Amino acid sequence: MDRTTSSTLFGRARTLMPGGVNSPVRAFRGVGGDPVFFRQGEGAWLTDVDGNRYVDYVGSWGPLILGHCFPPVVEAVTAAARTGSSFGAPHPGEVELAELICQTVPSVEKVRLVSSGTEATTAAVRLARGATGRDCLLKFEGCYHGAGDSFLVKAGSGVETLGLPDSPGVPAALAQLTLTVPFNDLGAVEAMLSKRGRDLACVIVEPVVGNMGVLVPKAGFLSGLRELCTRHGVLLIFDEVMTGFRLAKGGAQALYGVAPDLTTMGKVIGGGLPVGAYGGRKDLMAKIAPEGPIYQAGTLSGNPLAVAAGIACLKELARPGTYERLEATSRRLAEGIAAAAAGVGVPLTVNRVGSMWTAFFTGLPVFDYPTAKRADTARFGRFFHELLDRGVYLPPSQFESAFVSLAHGEAEIAHTLLAVKQAFAAL
Ligand SMILES: *Cc1c(COP(=O)(O)O)cnc(C)c1O
């Protein structure tokens, strides 16, 4: 496949932007080679600047659950642009999106809209700290909660792929306030809460992990976290930036029946435009300015274009049968990949919840950070490029979730599974 134009653009980009990109994992360091530059998305397909076409399993890293250029989203954004791209003042759209979120996500009584997932998690932790008067937070090794200073401790995929365990520039004094334990290890959480519970403002978790590849919470893990947090007076934050409206209408908390105190969202709720949100218990949200003393603000928060895209997206998802369709397509794909690997004796573990999945190049179960690290990343890199050359675009890292959208149909799955079979044979 000829990708000359992409390579030329990347050469220019590298002289202008760090690593030639505006977000590190896009640079292909996890798989080698030059990143692909795209000019058009349409449904489940991407067209690169050289005219090559790919079935897209990145979906802009999660937001595009309806596929690219879903007509009602395009129309909503276009209409909003005509009536005013930003007011810096209240407008009806933000009320409608807030209503859709509060009505759909069981534990969210009140919500604040922001412009990214990072903003949402940063604000949620500030709220937890302000509300409890405690400074520490507990996160899980390999989980990612955005690029905020407090989270860049054992922070998963993007950081992991670059081999930076922590980031320079994060003060040690701040990093010390971030405690970590292994995902899926309730015993470790219990021990930490017994020891440090009185210092802890919150436990923050990806209820289904996407950011060290997909990890499935063990039975009782999330409900156990709920119980331990309640017992120690520690707030429980579900970071549903990836899982919110992706795994079920009400997110992972609806799927697993566990109610956190605070929830962060992003990605899908913006329909492909920059929207984030944090919300939860009314008494906690009442502490946010101007109702309360904890400050958080944003010039473009609740932006009319972004909110219009989010509303159009959530309305489409609210139709009956959408999540069942996503589940059926995703299952067919994941089972097909596992069968293809087994057929040629490639050790592979496919983790999947709904339309989030990762194929780990290891025959052993993957359920936390050390087990994810057993995957053969060199082999993944070869697999990635074999697929790329056959018109299938996976996330360019072993430690990321791939996403199926509602635009993926029979033809896309068939195209992918054929490419997968040929790629395994070529490894
Ligand atoms: C993507 C992601 C974030 C960060 O969101 P941005 O919009 O990239 O700032 C935070 N938490 C989780 C779980 C994510 O997947």
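Author: Domain bounds here come from an automatic or database domain assignment, and in this predicted model that assignment gives domain 1 (4-69 + 321-426) and domain 2 (71-317). The centres of domain 1 and domain 2, taken over C-alpha atoms, are separated by 25 Å.

Reader: What makes Tyr 144 a polar contact of the ligand?

Author: A backbone N or O atom of Tyr 144 lies 3.4 Å from a nitrogen atom of the ligand, and the cut-off is 3.5 Å, so the pair counts as a polar contact.

Reader: How do you know that Asn 211 and Lys 267 count as polar contacts of the ligand as well?

Author: An N or O atom in the side chain of Asn 211 is 3.1 Å from an oxygen atom of the ligand, and for Lys 267 the corresponding side-chain distance to a ligand oxygen is 2.6 Å; both values are within 3.5 Å, and therefore both pairs qualify. Taken alone the ligand exposes 380 Å², of which the protein buries 83%.

Reader: Why is Lys 267 called charged and Val 241 nonpolar in the shell around the ligand?

Author: Lys belongs to the residue types counted as charged and Val to those counted as nonpolar, so the labels follow from residue type. Over the shell, the division is 3 nonpolar, 6 polar and 3 charged.

Reader: What makes domain 1 and domain 2 partners in an interface?

Author: Contact requires heavy atoms within 4.5 Å, and 35 residues of domain 1 are in contact with 38 residues of domain 2. Between them the domains bury about 3000 Å², 68% of it on carbon and sulfur atoms, and Tyr 323, Met 356 and Tyr 369 supply 23% of the area that domain 1 buries against domain 2, more than any other three residues.

Reader: How many salt bridges and polar contacts cross that interface?

Author: The rule finds 0 salt bridges across the interface, whereas 10 residue pairs there are in polar contact.

Note on methods
Residues numbered from 1 in each chain as written. Predicted model: local features only at pLDDT ≥ 70, side-chain atom pairs only at ≥ 80, totals over all residues. Heavy atoms only, no water. Polar contact = N/O pair within 3.5 Å; in protein donor to acceptor, adjacent residues only side chain to side chain. Areas by Shrake-Rupley, 256 points an atom, 1.4 Å probe, with all protein chains shown as cover. Buried area = accessible area lost by both parts, 1.4 Å probe. Salt bridge = Lys/Arg side-chain N within 4 Å of Asp/Glu carboxyl O.
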